[in-house]
Amino acid sequence: MSRTQKKYNEQMVPAALVEQLRRLAGPAETEGTLTADQLAIIYNHRWFKLFVPGNLGGLELPLPDGVRLEEELAQIDGSLGWTVTLCAGANLFVGYMDRSVAGTVFTDPSVCLGGSGHATGKAVVEGDGYRVSGRWRYATGAPHLTHFTANCVIEQDGKELLDNNGNLVIRSFFFPKADVRVIDDWNALGLKATASRSFEVNHLPVDRSQTFVISPRTATWDHPIYQYPFLQFAEATLAANTLGMARHFLACTANLGARGLQQLVRAAEWKLNGARESFYSALDASWDELLRTGELTPHTLAAVSKWSRTMVRVCRKQVMAIYPHVGMAGADASSEMNRVWRDIFTASQHSLLRV
């Protein structure tokens, strides 16, 4: 194993902080959003800024470090890990924004972007900017977002614009929270503290500097993370969340003494560890290739996608194999095990995880 890989495998969250965050998970679910104490920890450790440049107050982490941290946080609590992952992923968009605007927005220690990747909005070209309307589902962490991000189909002179290949032209936008109407409609089975609410804007005038395109060729900041294709970035970060939650679920069975159950758990741990090793091997190899060559081959990207999706399937299958054997500890809606189970299968409905 290389020195780089050893660095990636180091635990990033101190044990005392793990216990503190676990104690806060129950109250957060009751409140339906991350608590003030959880947010203070996140801001203090700059977890929403995992992939933000250092000169903007970010951690500027290599992708393998960031993904491993997200796994740890999801293993502590699903809503915590999911919120950090989705918000850190949205804050990654700093790398594609106008630098002068990004410099203003991201110097705020509590800056937090979030939104939707679905192009359910319309942006009509108007002078040097746009007039935007649309409704999007669901923005993770809506109560503490400072800006909302959204994808829109571009329209000009009453027609939807097409690119050279005949596809709709879609651009990403970001809006200050004050310009957005948040819709309190998060009634999911799990991940309750993510407060993933819908939002909308109507005929909102938007400056051109509030648009961006998520692509390595449009990156405005010089860091390898912005050259990493966003699809595989998203697949890997969300898969790591599923892994973290599945490992948490298995840990919850430790005090259930039935011999047959423990045999199932050991078998599940073995399968999760095998998938985890292959997943991180593919992820680490992709990052190392990007650092060496400045780009990623289709074969390398396919491996990241394959092992992200394989790991998700393995995690779900093992959790489902064990759940019928855990008794009322798993059926009690107030139990930690039940919360983890609900979080896993709520996360499974994300479009990238329906594999």
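**Strand pairing, core and cysteines in a predicted model**

T149 stands opposite F174 in β6. The model described here is a predicted one, and this pair offers a convenient way into its sheet, since β4 takes part in several of the pairings that follow. T149 is also the bridge partner, in β4, of G115.

Strand β4 covers residues 147-156, and nine of its 10 residues are buried. On the parallel side of the account, β1 (residues 113-115) pairs with β4 over three bridges. Strand β2 (residues 121-126) likewise runs parallel to β4, joined to it by four bridges; here G121 has C152 of β4 as its bridge partner. The antiparallel pairings involve β6 and β5. Strand β6 (residues 170-176) is joined to β4 by seven bridges, with I170 of β6 as the bridge partner of V153. Strand β5 (residues 159-160) is joined to β4 by two bridges, again antiparallel, and E155 has E160 of β5 as its bridge partner. Readers following the chain from β4 into β5 will find a hairpin with two residues between the strands, where D157 in the turn has a positive phi of about 55 degrees. Strand β6 also has a pairing with β9 (residues 211-212), antiparallel and made of two bridges; F212 of β9 is the bridge partner of S172.

The cysteines deserve a careful look. How many disulfides does the model contain? The count comes to zero. For C112, the closest cysteine sulfur is that of C87, 3.3 Å away; because a disulfide requires the two sulfur atoms to be within 2.5 Å, this separation is too far for a bond. C152, whose place in the bridge to G121 was noted above, has its closest cysteine sulfur in C87 as well, at 19 Å, and that is too far for a bond too. Are C112 and C152 buried or exposed? C112 has 0% relative accessibility and counts as buried, and C152 is buried with a relative accessible area of 0%.

Turning to the interior, the largest nonpolar core has 106 residues, of which W47, F106, V132 and F175 touch the most other members. Helix α7 (residues 230-252) gives the most to this core, with 12 residues. Such a grouping fits a broader pattern, as nonpolar side chains in soluble globular proteins tend to be buried together. W47 illustrates the packing well: leaving aside residues up to four places away in sequence, this tryptophan touches V13, L17, L21, I41, I42, L59, L69, L73, V84 and A88.

Two helices were examined for length and burial. In α7, 19 of the 23 residues are buried, so this helix is largely enclosed by the rest of the structure. From its first C-alpha to its last, α7 reaches 33 Å, close to the 33 Å expected at 1.5 Å a residue. Helix α5 (residues 78-91) has 14 residues, which should span 20 Å at 1.5 Å a residue; its end C-alpha atoms are 20 Å apart, in agreement with that value. Burial is again the rule here, with 13 of the 14 residues of α5 buried. At the start of α5, a side-chain oxygen of D77 comes to within 3.3 Å of the backbone nitrogen of S79.

Some backbone details may interest anyone preparing to work with the coordinates. The peptide bond from R137 to Y138 is cis, with omega near -15 degrees, and Y138 lies in strand β3 (residues 129-139). Positive phi values also turn up in loops. E60, although not a glycine, has a positive phi of about 55 degrees; this residue sits in the loop between α3 (36-45) and α4 (63-76). L191 is another non-glycine residue with a positive phi, near 50 degrees, and is placed in the loop between β7 (181-183) and β8 (197-206). How does the accessibility of these loop residues come out, buried or partly exposed? E60 counts as partly exposed at 34% relative accessibility, whereas L191 counts as buried at 2%.

Technical notes. Residues numbered from 1 in each chain as written. Predicted model: local features only at pLDDT ≥ 70, side-chain atom pairs only at ≥ 80, totals over all residues. Heavy atoms only, no water. Buried < 20%, exposed > 50% of the residue type's maximum accessible area, 1.4 Å probe, protein only. Core = buried A, V, L, I, M, F, W, Y, C linked by side-chain atoms within 4.5 Å. Contact = heavy atoms within 4.5 Å. Pairing = 2+ DSSP bridges. Expected span 1.5 Å × (residues − 1). Polar contact = N/O pair within 3.5 Å; in protein donor to acceptor, adjacent residues only side chain to side chain.
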